[in-house]
Amino acid sequence: MPAEPALDGVEEFLLTCCATPAAWPHRPTAFDFHAAEGHSWRLTVDADGARPTRIPAPAAGQGPGPAGVSVRGTAGELVLFLYDRIPASALRVDGDAGLLDLLRAWEPAE
């Protein structure tokens, strides 16, 4: 998959399929998605719902706090993972991989 459409696909999935005001029924956490092409996103989940944001390139130790789980791959691999076409084991996963199962199983009421 070409990089630009894949990068757009990751962002679109997070903004349209994951964003919700429905409360996350588990402990608040964050999911980070890092594309090898240099773009990164964070999905924050808590009692206020799920909110995706673009993570800017870190500058000298700045950036968001640690995520509960971080997923790394090419943008094409991330798109395939988000659409459940490849397993998490096909990507580099750091942190609590069990959180990915919770995210996949979550069906917000709104």
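Student: How many bridges join S1 to S4, and do they run parallel or antiparallel?

Tutor: Some general background: strands of a sheet pair through backbone hydrogen bonds, either parallel or antiparallel. Here, five bridges join S1 to S4, and the two run parallel. Two strands count as paired if DSSP finds at least two bridges between them. The labels come from DSSP too: helices are H or I runs of at least four residues, strands are E runs of at least two, and both are numbered from the N terminus.

Student: What kind of model is this, and how are things counted?

Tutor: It's a predicted model, so to speak with care: local features need pLDDT of at least 70, side-chain atom pairs count only at pLDDT 80 or more, and totals for chains, interfaces and linings use all residues. Residues are numbered from 1 along each chain as its sequence is written, and side-chain values use heavy atoms, with hydrogens and water left out.

Student: Fine. In what order do the strands sit in the sheet?

Tutor: The order is S3-S2-S1-S4-S5, an open sheet of five strands with mixed pairing. S3 and S5 are the edge strands, each pairing on one side only. On average, neighbouring strands are turned by 15° against each other, direction ignored. For angles like these, axes are lines fitted to C-alpha atoms, for helices over the stretch in contact, and the angles run from 0 to 180 degrees between N-to-C directions.

Student: Which way do S2 and S3 run, and how many bridges join them?

Tutor: They run antiparallel, joined by seven bridges. S2 and S3 form a hairpin with two residues between them. Try two pairs on screen: Thr44 has Arg51 in S3 as its bridge partner, while Trp41 has Arg54.

Student: And how are S4 and S5 joined?

Tutor: By four bridges, and these strands run antiparallel. Ser70 is a handy residue to click on: Asp32 stands opposite Ser70 in S4, and Ser70 stands opposite Asp94 in S5.

Student: Is S4 largely enclosed or exposed?

Tutor: Start with the cut-offs: buried means under 20% relative accessible area, exposed over 50%, and partly exposed in between, using a 1.4 Å probe and protein chains only. Four of the five residues of S4 are buried, so this strand is largely enclosed by the rest of the structure.

Student: Now salt bridges. How many does the structure hold?

Tutor: A salt bridge is a side-chain nitrogen of Lys or Arg within 4 Å of a carboxyl oxygen of Asp or Glu. The structure holds six. One of them joins Glu11 and Arg54, with the closest N and O atoms 2.8 Å apart. Glu11 lies in helix H1 (residues 3-18) and Arg54 in strand S3 (residues 49-55), so the pair ties together parts 43 residues apart in sequence. Glu11 is partly exposed at 25% relative accessible area, and Arg54 is partly exposed at 44%.

Student: What about Asp32 and Arg42: buried or exposed?

Tutor: Both are buried. Their side chains meet in a salt bridge at 2.6 Å, N to O. Asp32 lies in S1 (residues 29-35) and Arg42 in S2 (residues 40-46), so this pair ties together parts ten residues apart in sequence.

Student: Which residues are linked in a network of salt bridges?

Tutor: Arg72, Arg92 and Asp94. Within it, the closest N and O atoms of Arg72 and Asp94 are 3.8 Å apart. That pair links distant parts of the chain, with Arg72 in S4 (residues 69-73) and Asp94 in S5 (residues 92-95), 22 residues apart.

Student: Last topic, the helices. At what angle do H1 and H2 cross?

Tutor: Roughly 35°, with the axes of H1 and H2 (residues 75-82) coming within 8 Å. The crossing is left-handed, a term used if the near helix is turned anticlockwise from the far one by less than a right angle, with right-handed used if clockwise. Contact means heavy atoms within 4.5 Å. Residues that meet include Leu7, Val10 and Phe13 in H1 and Leu78 and Val79 in H2.

Student: And where do H1 and H3 lie on the strands?

Tutor: H1 packs on the sheet, touching S1, S2 and S3, with its direction at about 15° to that of S2. H3 (residues 98-105) lies across S1, S2, S4 and S5, running at about 100° to S1.
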